[in-house]
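User: I'm new to this one. Can you walk me through it?

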Amino acid sequence: MTDTDWMPDPFDTARAGRLASRIGQIAPFHVMEFVKQATRLEQAGHDVIHMSIGEPDFTAPAAVVNAAASALRRGLTQYTPALGIAPLRDAIAMHYQRMYGIDVEPARIVVTAGASAALLLACAALVDRDDEVLMPDPTYPCNRHFVTAFEGRAVLVPSDATQRFQLSAAHVQQHWGANTRGVLLASPSNPTGTSIDAGELQRIVDTVRARAGFAIVDEIYQGLTYDATPVSALSLHGAHDHVVTVNSFSKYFSMTGWRLGWLVVPPHWVPAFEKLAQNLFICASALAQHAALACFEPASLEIYEQRRLEFKRRRDFLVPALRELGFGIPVLPDGAFYIYANCHGIAHQAASDSAALASVMLQEAKVSMVPGLDFGMHAPHDYLRISYATSYERLQQAIARLHTLFHAS
């Protein structure tokens, strides 16, 4: 008998047992499938330029790494309070004052195991069975799956370039139904890199408040904005009672694998979030929390600002370069590190849609981008999500390769 003879066939449900029905409602993550293909090409010896994953090519600054090492040496590895260590909650509150000029009580801050855990907590607290949550189409795919996991229903509202691929107050009014409970937004957005205008965001919050609903606003890319002063939903009228914001140390602070994020919740909801956090997660990583304190040191913040400007430099190169190749970019992305590009203008005999084009670019040019399949139902075959979370030099190489590919076809 071999080591695997005893293992059940995963497709033999009689032997393996029944999975929960919600599994069938969670779509595959196509981005990861394209990443696996790119990885296989790399393993075969090919030089692949990655413009697919939403992960900064920068890592945590030395001060953060040193703070983690110090915490490890001092034995700061035990459970923390479910809401997070007090010094970190205080530091995050001071960050809101410094970046946005707004006062946020540390007591409202819930430190989480990444933004994904934050969104899970928010949905666990706010979404009941059959509740509907409005979100734009296109949107980050996991957002709708977080709602589904708690037996709610994500209602995707088609949002095109005229709305900056975002929900509007008019959308919310039009699509709010008897079972609608709230909205889930991201500003800046994955996959589009676009933000919601502050005035429009206020109108959305007003519309939600008038219906006694909630607004969950994902702000994990707020630190990476390029054309205007960032505006947090926490500064809006009514946010104190109806708005939950989500943030993370992954993107602006370059700590993706550390799995650390946070929520800011209305004061009267904090006990409920704490109870859920205690039961579902116990706490976020103690080491990551102590390390993150170093993110707010002046030297670290200077590094992060330099990195933000480097992302802007990449965007300012890549958008016109892609347009020259024939991609349609009707809205200039103002944040994050994504471009949502229409590929209708690309002339290639093998590219009938964005998935086919992504495959051709990967196989023939060794440039990895992802099609719009993950991000909604509204024209996903027309769009590619392009990440510029890779070096300026590699972006230049990618454009040169695509120029050769498209002009040779």
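Analyst: We can go through the domains, then the pockets, then the cavities. Keep in mind that this is a predicted model.

User: Sounds good. Which domains does the assignment give?

Analyst: The assignment gives domain 1 (22-58 + 300-407) and domain 2 (62-296).

User: How far apart do their C-alpha centres lie?

Analyst: The C-alpha centres of domain 1 and domain 2 are 25 Å apart. In the contact, domain 1 takes part with 37 residues and domain 2 with 43 residues.

User: How much area do domain 1 and domain 2 bury between them?

Analyst: About 3,400 Å². Carbon and sulfur atoms account for 58% of that.

User: Why quote an area at all?

Analyst: Interface size is often given as the accessible area lost when the parts come together.

User: OK. How many salt bridges are there between domain 1 and domain 2?

Analyst: The count between domain 1 and domain 2 is two.

User: Switching a bit: which side chain meets D227 in a salt bridge?

Analyst: That of R315. The N to O distance for D227 and R315 is 2.8 Å.

User: On to pockets. What volume does the largest pocket have?

Analyst: About 540 Å³. The largest pocket is lined by 28 residues. Closest to its centre are G54, Y140, N190, Y221 and K251.

User: Which elements give two or more residues to that lining?

Analyst: Those are α2 (30-43), α5 (114-126) and α6 (141-149). The largest share comes from α5, with four residues.

User: And which domains does the lining of the largest pocket draw on?

Analyst: Domain 1 and domain 2 each give at least three residues to the lining of the largest pocket.

User: What about the classes of residue there?

Analyst: The lining of the largest pocket has 14 nonpolar, nine polar and five charged residues.

User: Next one down. How much space lies in the second largest pocket?

Analyst: About 270 Å³. Its lining is made of 19 residues. Nearest the centre of the second largest pocket are Q25, A27, P141, R144 and H145.

User: Which elements matter for the count of two or more residues here?

Analyst: For the second largest pocket, they are α6 and β4 (153-158). The most comes from α6, which gives five residues.

User: Which domains are involved in that lining?

Analyst: The second largest pocket draws at least three lining residues from each of domain 1 and domain 2. By class, its lining has 10 nonpolar, six polar and three charged residues.

User: Now the enclosed spaces. How many cavities of 30 Å³ or more are there?

Analyst: The count is two. The largest cavity has a volume of about 70 Å³, and about 50 Å³ lies in the second largest cavity.

User: Which residues line the largest cavity?

Analyst: Among them are H95, M99, Y100, E219, N247, S248 and W262. Three lining residues come from α4, the largest share. Both α4 (86-100) and β7 (243-248) supply at least two.

User: How do the residues of that lining divide by class?

Analyst: For the largest cavity, six are nonpolar, five are polar and one is charged.

User: Last thing. Which residues line the second largest cavity?

Analyst: The lining includes A82, V111, T112, L121, F281 and C283. By class, the second largest cavity is lined by nine nonpolar residues, one polar residue and no charged residues.

Conventions:
Residues are numbered from 1 along each chain as its sequence is written. This is a predicted model: local features need pLDDT of at least 70, side-chain atom pairs count only at pLDDT 80 or more; totals for chains, interfaces and linings use all residues. Side-chain values use heavy atoms; hydrogens and water are left out. On a 1 Å grid over the protein atoms alone, a cavity is a set of points where a 1.4 Å probe fits but cannot get out, and a pocket is an open set with protein on both sides within 12 Å along at least five of seven lines; lining residues have an atom within 4 Å of a point. Grid points are joined across faces, edges and corners, and a volume is the space filled by probe spheres set on the points. Ala, Val, Leu, Ile, Met, Phe, Trp, Tyr, Cys and Pro count as nonpolar, Asp, Glu, Lys and Arg as charged, and the others, Gly among them, as polar. Domain bounds come from an automatic or database domain assignment. Contact means heavy atoms within 4.5 Å. Buried area is the accessible area (1.4 Å probe) that two parts lose on being put together, summed over both. A salt bridge is a side-chain nitrogen of Lys or Arg within 4 Å of a carboxyl oxygen of Asp or Glu.
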